[in-house]
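Here's a quick walk through a fold, from the strand in the middle of things out to the surface. Pull it up in your viewer and follow along.

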Amino acid sequence: MTAKILVVEDEKGSAIDLKNRLKTLGYSVPPPVFSGKEAVQKASENPPDLVLIDIQLRGDLDGVNVAKEIHDHLGIPIVYLMEDAVQEVLQDEKVIEPFYYVLKPYEERSLHLNIEKALYHHKMGRVWEKLYKH
């Protein structure tokens, strides 16, 4: 089964490039979204398997708050895209497991690895949850 990935990036050129790279890696990618509000709406209407989001998203909601809302309310795993210069953001208590991140400019290998790790850990978490709820 091909994983569906929602791209949330406020720079249109970067979003299109990322979408194309993800398709090359074999993922299903709906049209990217460019704002936090739109990301929450799209994820709610047609849940993806994973959300790839710019941590410094401009607009009404930043990437951290959008990711937290999507993850907390919909249980969708998140992978952040971030500039090397903003790694201090990772110290924020809201930016902890189960989130993963890829530094810009990203390499396909790193992008692919982090997506697969996030999908795997999410899947295994659901398996453990089912085992221990019974």
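Let's start with one cross-strand pair: Asp 54 sits opposite Leu 81, a residue of β3. Keep in mind that this is a predicted model. The two strands behind that pair, β2 and β3, run parallel to each other and are joined by four bridges. On the β1 side, Val 7 faces Leu 52 of β2, and β1 and β2 are again a parallel pair with four bridges.

How covered is β2? Mostly: five of its five residues are buried. From β2, Leu 50, Leu 52 and Asp 54 point one way, while Val 51 and Ile 53 point the other way, and all of these are buried.

**The sheet as a whole**

Zooming out, there's an open sheet of four strands, ordered β1-β2-β3-β4, with parallel pairing. Which strands sit at the edges? Those are β1 (5-8) and β4 (100-104), each of which pairs on one side only. Going from one strand to the next, the twist averages 20°.

Strand β3, covering residues 78-83, pairs with β4 in the parallel sense over five bridges. Within β4, Lys 104 is the residue standing opposite Glu 83.

Here are the strand pairs side by side:

| Strand pair | Sense | Bridges |
|---|---|---|
| β1 and β2 | parallel | four bridges |
| β2 and β3 | parallel | four bridges |
| β3 and β4 | parallel | five bridges |

**Helices on the sheet**

Helix α1 (residues 12-24) packs on the sheet, where it touches β1, β2 (50-54) and β3. The direction of α1 makes about 160° with that of β1. Helix α4 packs on the sheet too, touching β1, β2, β3 and β4; the angle between the directions of α4 and β4 is about 170°.

**Out at the surface**

Helix α4 spans residues 108-133, and Leu 131 is found in it. Is Leu 131 buried or exposed? Its relative accessibility is 55%, so Leu 131 counts as exposed. Leu 131 also belongs to a nonpolar surface patch, together with Val 127, Trp 128 and Tyr 132. Taken together, the four residues of that patch have about 460 Å² of accessible area.

Over in helix α3 (residues 63-74) you'll find Lys 68. Lys 68 counts as partly exposed because its relative accessibility is 32%, and partly exposed covers the range between the 20% and 50% cut-offs. In sequence, Lys 68 and Phe 99 are 31 residues apart, yet their C-alpha atoms are 9.2 Å apart in space.

**The overall tally**

What does the secondary structure come to? Four helices and four strands. Reading from the N terminus, the order of elements is β-α-α-β-α-β-β-α.

The protein has 134 residues, and 40% of them count as buried. If you look at contacts with a separation of 6 or more, 64% of them are between residues 24 or more positions apart. As for the outside, the accessible surface comes to about 7,800 Å², and carbon and sulfur atoms make up 52% of that.

Conventions:
Residues numbered from 1 in each chain as written. Predicted model: local features only at pLDDT ≥ 70, side-chain atom pairs only at ≥ 80, totals over all residues. Heavy atoms only, no water. Buried < 20%, exposed > 50% of the residue type's maximum accessible area, 1.4 Å probe, protein only. Patch = residues over 30% accessible without salt bridge, like charges linked within 9 Å, V, L, I, M, F, W, Y side chains within 5 Å. Areas by Shrake-Rupley, 256 points an atom, 1.4 Å probe, with all protein chains shown as cover. Salt bridge = Lys/Arg side-chain N within 4 Å of Asp/Glu carboxyl O. Pairing = 2+ DSSP bridges. Axes fitted to C-alpha atoms, helices over the stretch in contact; angles between N-to-C directions. Contact = heavy atoms within 4.5 Å.
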